[in-house]
Amino acid sequence: MRINRPVLLTALLLTLSTSVQALPEDRNQPINVSADRASMNERTGITVYTGDVEIIQGSMEIRGERVELHRAADGSIDRIISTGKPAEFQQQPSAEQPLTKAYGDKMDYRVKQQEITITENARVDQAKDTFTGERIVYNMERALVNAFGSDRKGGERVKMVIQPKPAEAN
């Protein structure tokens, strides 16, 4: 029997991304930022933080060596770009679920779209399940995860470790 890899990959990713809506109160929490240095450009609306940067809003945390906060015309945070070795992201999808953690050399979080793109050494951990790839695109609002291997021959492939569900006691 021949296995259709894209269909198998989609099925496996869907098992990892159940109910990935963030805690409802997260969006109403203040954003706390700490860093060694900050530089704000009021014309562009971009603030650059460097040196052990930590951003916390409710259950969401972003860490990196360099983080850019981009503001929209209305003053809201529109985009967060974090780089590091690794840059880190975590958020609790719902009160019943454990934290989702993501790592990579670069993360681009589009706030309004609720989508984070993790590139270079990308990894996402959900409970005890893990998947890695060259690039992972994680849409929290639609509970959709797409992982991509390298386009180079012999480059990094998508890899997953999915733990078996414990058997229920009778």
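This passage describes salt bridges in a predicted model and the solvent exposure of the residues that form them.

Side chains of opposite charge can pair when their charged atoms come close. A search of the whole structure identified 7 salt bridges. Three of these pairs are described below, together with a network built from shared partners.

In the pair formed by Arg-79 and Asp-108, the closest N and O atoms lie 2.7 Å apart. This salt bridge connects distant parts of the chain, since Arg-79 belongs to strand β5 (residues 77–91) and Asp-108 to strand β6 (residues 100–110), with the two positions 29 residues apart in numbering. Asp-108 is buried, its relative accessible area being 14%, a value under the 20% limit for that class. Arg-79, at 21% relative accessibility, counts as partly exposed.

Glu-54 and Arg-63 are joined through their side chains by a salt bridge with an N to O distance of 2.8 Å. Glu-54 has a relative accessibility of 26% and is therefore classed as partly exposed. Arg-63 falls in the partly exposed class as well, with a value of 27%. Salt bridges with shared partners combine Glu-54, Arg-63 and Glu-61 into one network.

A further salt bridge brings together the side chains of Arg-66 and Glu-68, at 2.6 Å from N to O. Here Arg-66 is partly exposed, with a relative accessible area of 36%, whereas Glu-68 is buried at 16%.

How values were computed
Residues numbered from 1 in each chain as written. Predicted model: local features only at pLDDT ≥ 70, side-chain atom pairs only at ≥ 80, totals over all residues. Heavy atoms only, no water. Salt bridge = Lys/Arg side-chain N within 4 Å of Asp/Glu carboxyl O. Buried < 20%, exposed > 50% of the residue type's maximum accessible area, 1.4 Å probe, protein only. Helix = DSSP H or I, 4+ residues; strand = E, 2+ residues; numbered from the N terminus.
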